[in-house]
Amino acid sequence: MSPTTTPDLPADLAHLAPAVDETRLSDLHDRLARDAEQRGLLDVAYRTVDSAVGPLLLAATERGVVRVAFASEGFDGVLSDLAERVSSRVLAAPRRLDATARQIEEYFGQRRRHFDVPLDLSLTTGFRRRVLEQLPTIDYGRTASYAEMARAAGSERAVRAVGSACATNPVPLLLPCHRVVRSDGSLGGYRGGIPAKEALLALEHG
């Protein structure tokens, strides 16, 4: 047995082990997160939420939501990327993302068609950002082609660049790149995978 291994307590001594109060532990974590934010030690807050397309990771800076990630992307990798590209001061702090989580729940419950939380688009620049800024013009329940979005972003020949912008959209769902499809009506790609794109479009057309 290694020095760091803690053996299981015998049954007759199990009552001596202190019980873990999950509520108090959660309250402590929330208090530490608030303290870190108040002291300027928290740059990126994150939390996870359940959804009809699987767990989602939400992350936000003080400016707004900076990342929405699907489980297929690997949450650990996403957090590492945020630590490298935004700030190393990343902490699970659900409170900052309460409004976003609530709006996502309303969306999947078909009680919301538009998101109105602030966004931080610092992870994208140039033409890709112009494309993302056009995505909210595609109404709920409607779709637009990659070619149409290229024209809307000011460069009608940049159809492939539109596809790249959608594929790297840091805040899918909030900026609805799932509504962008090919000119022939086929779906094209999606950061969360084709089944997720199909599910989102079916939800909005239902």
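## A walk through the fold, starting at helix α3

Let's start with helix α3, residues 98-108, where the buried residues are Thr 100, Ala 101, Gln 103, Ile 104, Glu 106, Tyr 107 and Phe 108. Keep in mind as you look around that this is a predicted model. What sits over those buried α3 residues? The cover includes strands β1, β2 and β3, along with helix α7. Just past the end of α3, Gln 110 takes a positive phi of about 60°.

Now step back for the overall layout. The chain has seven helices and six strands. Reading from the N terminus, you pass through them in the order α-β-β-β-α-β-α-α-β-α-α-β-α. Of the 206 residues in the chain, 40% are buried. If you take contacts between residues at least 6 apart in sequence, 60% of them join residues at least 24 apart. As for the outside, the chain exposes about 11,800 Å², and carbon and sulfur atoms supply 49% of that area.

Strand β1, residues 44-49, is a good place to pick up the sheet. On one hand, β1 pairs with β4 (residues 90-92) in the parallel sense, over three bridges. Within that pairing, Tyr 46 stands opposite Ala 92 of β4. On the other hand, β1 runs antiparallel to β2 (residues 56-60), and five bridges join the two. Here Thr 48 has Leu 57 in β2 as its bridge partner. The β1-β2 hairpin has six residues between its strands, and in it Gly 54 takes a positive phi near 100°. When you look along strands like these, a general rule helps: in a regular strand the side chains alternate between the two faces of the sheet.

Next comes helix α2, residues 75-85. Its buried residues include Phe 75, Val 78, Leu 79 and Leu 82. Viewed down the axis of α2, the buried residues fall within an arc of 95°, so they line one face of the helix. The spacing makes sense in light of a general point: an α-helix has 3.6 residues a turn, so residues three or four places apart point the same way. Which residues are exposed on the face of α2 turned away from its buried side? That face carries Asp 76 and Glu 84. The buried residues of α2 are covered by elements that include β1, β2, β3 (65-70) and β4.

The aromatic rings are worth a stop too. Searching the whole structure turns up four aromatic pairs. One of them joins Phe 70 and Tyr 190, an edge-to-face pair at 5.6 Å centre to centre, with 70° between the planes. Phe 70 belongs to strand β3, whereas Tyr 190 lies in the loop between β6 (180-181) and α7 (194-205), so the pair ties together parts that are 120 residues apart in sequence. Both Phe 70 and Tyr 190 are buried. Back in the neighbourhood of our starting helix, the ring centres of Tyr 107 and Phe 108 are 5.1 Å apart and their planes stand at 80°, so that pair is edge-to-face. Tyr 107 and Phe 108 are both buried. They also belong to one aromatic cluster, made up of Tyr 107, Phe 108, Phe 115 and Tyr 140.

What about the cysteines? A search of the whole structure finds zero disulfides. Why is there no bond from Cys 166 to the closest cysteine sulfur? That sulfur is in Cys 177, and because it lies 5.3 Å from the sulfur of Cys 166, it is too far for a bond; a disulfide needs the two sulfur atoms within 2.5 Å. Cys 166 is buried, with a relative accessible area of 6%, and Cys 177 is buried as well, with 2%.

Cys 166 also gives us a route to our last stop, Arg 129. The C-alpha atoms of Arg 129 and Cys 166 are separated by 9.8 Å, and the two residues are 37 residues apart along the chain. You'll find Arg 129 in helix α4, which spans residues 126-134. Is Arg 129 buried or partly exposed? Its relative accessibility is 32%, so it counts as partly exposed. If you leave aside its neighbours within four places in sequence, Arg 129 is in contact with Leu 121, Ser 122 and Thr 124.

Terms used: Residues are numbered from 1 along each chain as its sequence is written. Side-chain values use heavy atoms; hydrogens and water are left out. Helices (H or I, at least four residues) and strands (E, at least two) are DSSP runs, numbered from the N terminus. Buried means under 20% relative accessible area, exposed over 50%, partly exposed in between (1.4 Å probe, protein chains only). Contact means heavy atoms within 4.5 Å. Accessible areas come from the Shrake-Rupley method with a 1.4 Å probe; for residues, only the protein chains shown count as cover. Two strands pair if DSSP finds at least two bridges between them. The arc is that of the directions from the helix axis to the C-beta atoms. Rings of Phe, Tyr and Trp (its six-membered ring) pair if their centres lie within 6.5 Å; planes under 30 degrees apart count as stacked, over 60 as edge-to-face and the rest as tilted.
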